[in-house]
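Before turning to individual side chains, it helps to ask how far a set of coordinates can be trusted, and then to follow the interior outward from there. Please keep the sequence and the structure side by side while reading.

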Amino acid sequence: VLHLAAGSNGDAQLGKTESPNLDSFGKLMIRDGEGNEQTLYFGAGGEMSDAYRLPPPPAGDGFDARFSTGSMVAFARTGISTNLPITISSPYYPVTIDWTNPSTTSASIVIGTSSTKLTSNGSITIPDATTLVGLQISGATALPTAFALAQNYPNPFNPSTRIAYALPVDARVTLRIYNVLGQVVATLADGEQSAGYKTIEFNFGSLSSGVYFYRLEAAGIKTAQDSFTQLRKMVLLK
């Protein structure tokens, strides 16, 4: 039987982590033709946190710009080059992206099939909404300092959502989804994984609308004291 007493409201809380100073991060200042703007950040020296997650996009044709993770911050990972899509919504094109990159983080803005290195300051124009935009980023950053399980994004969702978590050490990992009766409806991970930041996308296409729970259980492979269990709630709306 699954015990769902994760907190007074049924949601488990993400452990507190130390947040880096974003003043030292690179910035992408995204502005549409009507002057609406959003600043996104990129750099090294931090880890994922709900504090960086943006609120849900506005309904209709309102302006919005964010990384595809739903966050306003992208962190570089040691020895890994990641192309992170940027979603931009606006009825007023062209959209301009101005950037500053005071850090040593290696980053490029990818527009369609073209890539522009983000050194010092610069600007680029996105002609229309059909143009794909992304940030390619790599650099030196430490592994996570603690286990963490982030809130899925988007939430509520239909039919797919992403679940992100952090492993500070190599660990045996189990990630399962449960219904309100405590029954397992899906197993997303069950085995050994290396330390780092992980993301899994799951499609609920065959499941009915309602409240579900996902639980991460992790135990260090080398050190038995390194263990973690956390439960969070998600809502499927069809």
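The predictor's confidence in each residue is expressed as pLDDT, on a scale from 0 to 100. This is a predicted model, and the mean pLDDT of the protein is 85, with 86% of its residues reaching 70 or more. Residues 1–18 are another matter, since pLDDT stays under 50 over them, although the model has 31 contacts beyond four places in sequence for this segment. Where pLDDT is low, the predicted coordinates should not be read in detail.

Which residues have the most contacts inside the largest nonpolar core? That core has 32 residues, and those with the most contacts inside it are Leu28, Ile30, Ile86, Ile97, Ile109 and Leu135. Ile86 shows how such residues come together: leaving aside residues up to four places away in sequence, Ile86 touches Leu28, Ile30, Ile109 and Leu135, and its other partners include Arg66, Phe67 and Val133. A second, separate core of 24 residues includes Phe157, Leu167, Ala186 and Ala218. In soluble globular proteins, nonpolar side chains tend to be buried together.

Ala107, in strand 7 (residues 106–111), offers a closer view of one position. With a relative accessible area of 1%, Ala107 falls under the 20% limit and is therefore buried. Its contacts, again not counting residues up to four places away in sequence, are with Phe42, Thr116, Lys117, Leu118, Leu135, Gln136 and Ile137. Of these, Leu118 is 11 residues from Ala107 in sequence, while the C-alpha atoms of the two are 5.6 Å apart in space.

The aromatic rings can be followed in a similar way, and a search of the whole structure finds 6 aromatic pairs. Tyr52 and Phe75 form an edge-to-face pair, with 5.8 Å centre to centre and 65° between the planes. Tyr52 lies in the loop between strand 2 (37–43) and strand 3 (64–67) and Phe75 in strand 4 (residues 73–75), so the pair ties together parts that are 23 residues apart in sequence. Both Tyr52 and Phe75 are buried.

Phe147 and Phe228, by contrast, form a stacked pair, at 5.5 Å centre to centre and 15° between the planes. This pair links distant parts of the chain, with Phe147 in the loop between strand 10 (133–138) and strand 11 (148–149) and Phe228 in strand 17 (residues 227–236), 81 residues apart. Phe147 counts as buried because its relative accessibility is 13%, and Phe228 counts as buried because its relative accessibility is 16%. Finally, Phe157, which is included in the second core, forms one aromatic cluster with Phe202, Phe204 and Tyr212.

Key:
Residues are numbered from 1 along each chain as its sequence is written. This is a predicted model: local features need pLDDT of at least 70, side-chain atom pairs count only at pLDDT 80 or more; totals for chains, interfaces and linings use all residues. Side-chain values use heavy atoms; hydrogens and water are left out. Contact means heavy atoms within 4.5 Å. Helices (H or I, at least four residues) and strands (E, at least two) are DSSP runs, numbered from the N terminus. Buried means under 20% relative accessible area, exposed over 50%, partly exposed in between (1.4 Å probe, protein chains only). Rings of Phe, Tyr and Trp (its six-membered ring) pair if their centres lie within 6.5 Å; planes under 30 degrees apart count as stacked, over 60 as edge-to-face and the rest as tilted. A nonpolar core is a set of buried Ala, Val, Leu, Ile, Met, Phe, Trp, Tyr and Cys residues joined through side-chain atoms within 4.5 Å.
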